[in-house]
Amino acid sequence: MATVLVIIHGLVAVAMLGAITHQTLATWAPVGDKPATFFARFRAARPAAFANAIVVLYAVSALLGAVLYLYFKIDIEPGLERDHHWQAIGFFDLKEDFVAIGAGMLPAYWVCWRRALVGEPSRTRAALTAVLAFIVWWSFLVGHVMNNIMGFGS
């Protein structure tokens, strides 16, 4: 059962990674870019359209991660400690803290994007999106590396 949950957790994380990356690039892309440029194409889809999906995907991913956390602490982490993977454990602990911070930021993020007006610049919206994107990328990469160190179910 844990293997199925890890696969679902990974798929949700990849979907969230794509949505938050697209939204971040669209938010930070210059407004007056030529239509043929790479960043201008991100603006073709309204960045605000991603907000609800990102909130739902973040919540689902965090919930799945919380369910899998017990399995990690009991079955995986002792092996990491035995093999002296202290940096990896530290990065995972930092991931936990970042995810909690991101969960706390989620309501402010959602409110900022819910009231987004077309053409209205918002540094708060851009900053919240960038911080959330960092948290999502950090969490994805650390989770992927942790899985590669021990392998799931070892």
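These are my notebook entries on the pocket, the nonpolar cores and the salt bridges of this structure.

**Entry 1: the model**

I kept in mind from the start that this is a predicted model.

**Entry 2: the largest pocket**

I looked up the largest pocket and got a volume of about 810 Å³. There are 29 residues in its lining, and I noted H9, G65, F92, K95 and G143 as the closest to the centre. Next I asked myself which elements give two or more residues to this lining. They turned out to be α1 (2–28), α3 (51–82), α4 (86–114) and α5 (123–150). I also checked where the largest share comes from: α3 supplies it, with ten residues.

Then I sorted the lining by class. I found 18 nonpolar residues, nine polar ones and two charged ones.

**Entry 3: the nonpolar cores**

A reminder to myself: in soluble globular proteins, nonpolar side chains tend to be buried together. The largest nonpolar core here has 25 residues. Which of them touch the most other members? I wrote down I20, I54, Y58, L106, Y109, L132 and V136. The elements α1, α3, α4 and α5 each give two or more residues to this core.

Apart from this core I found another one, made of eight residues, including F72, I76, I89 and V142.

I picked L132 for a better look. Leaving out residues up to four places away in sequence, L132 touches I20, I54, Y58, G102, M105, L106 and Y109.

**Entry 4: the salt bridges**

How many salt bridges does the structure hold? I got two.

The one I looked at first joins E77 to K73, and their closest N and O atoms are 2.8 Å apart. Both residues sit in helix α3, four residues apart, which is about one turn of the helix. Is E77 buried or exposed? Its relative accessibility is 8%, so E77 counts as buried; the cut-off for that is under 20%. K73 has a relative accessible area of 27%, so I put it down as partly exposed.

The other bridge is between the side chains of D83 and R82, at 3.3 Å from N to O. I looked up how open each partner is. D83 comes out at 36% relative accessibility, so it counts as partly exposed. R82 reaches 58%, and because exposed means over 50%, R82 counts as exposed.

**Entry 5: what I'm taking away**

For my recap, α3 gives the largest share of the pocket lining, is among the elements that give two or more residues to the largest core, and holds both E77 and K73.

Key
Residues numbered from 1 in each chain as written. Predicted model: local features only at pLDDT ≥ 70, side-chain atom pairs only at ≥ 80, totals over all residues. Heavy atoms only, no water. 1 Å grid on protein atoms, 1.4 Å probe; cavity = no way out; pocket = protein on both sides within 12 Å on 5 of 7 lines; lining within 4 Å. Points joined across faces, edges and corners; volume = space filled by probe spheres on them. Nonpolar A, V, L, I, M, F, W, Y, C, P; charged D, E, K, R; others polar. Core = buried A, V, L, I, M, F, W, Y, C linked by side-chain atoms within 4.5 Å. Buried < 20%, exposed > 50% of the residue type's maximum accessible area, 1.4 Å probe, protein only. Contact = heavy atoms within 4.5 Å. Salt bridge = Lys/Arg side-chain N within 4 Å of Asp/Glu carboxyl O.
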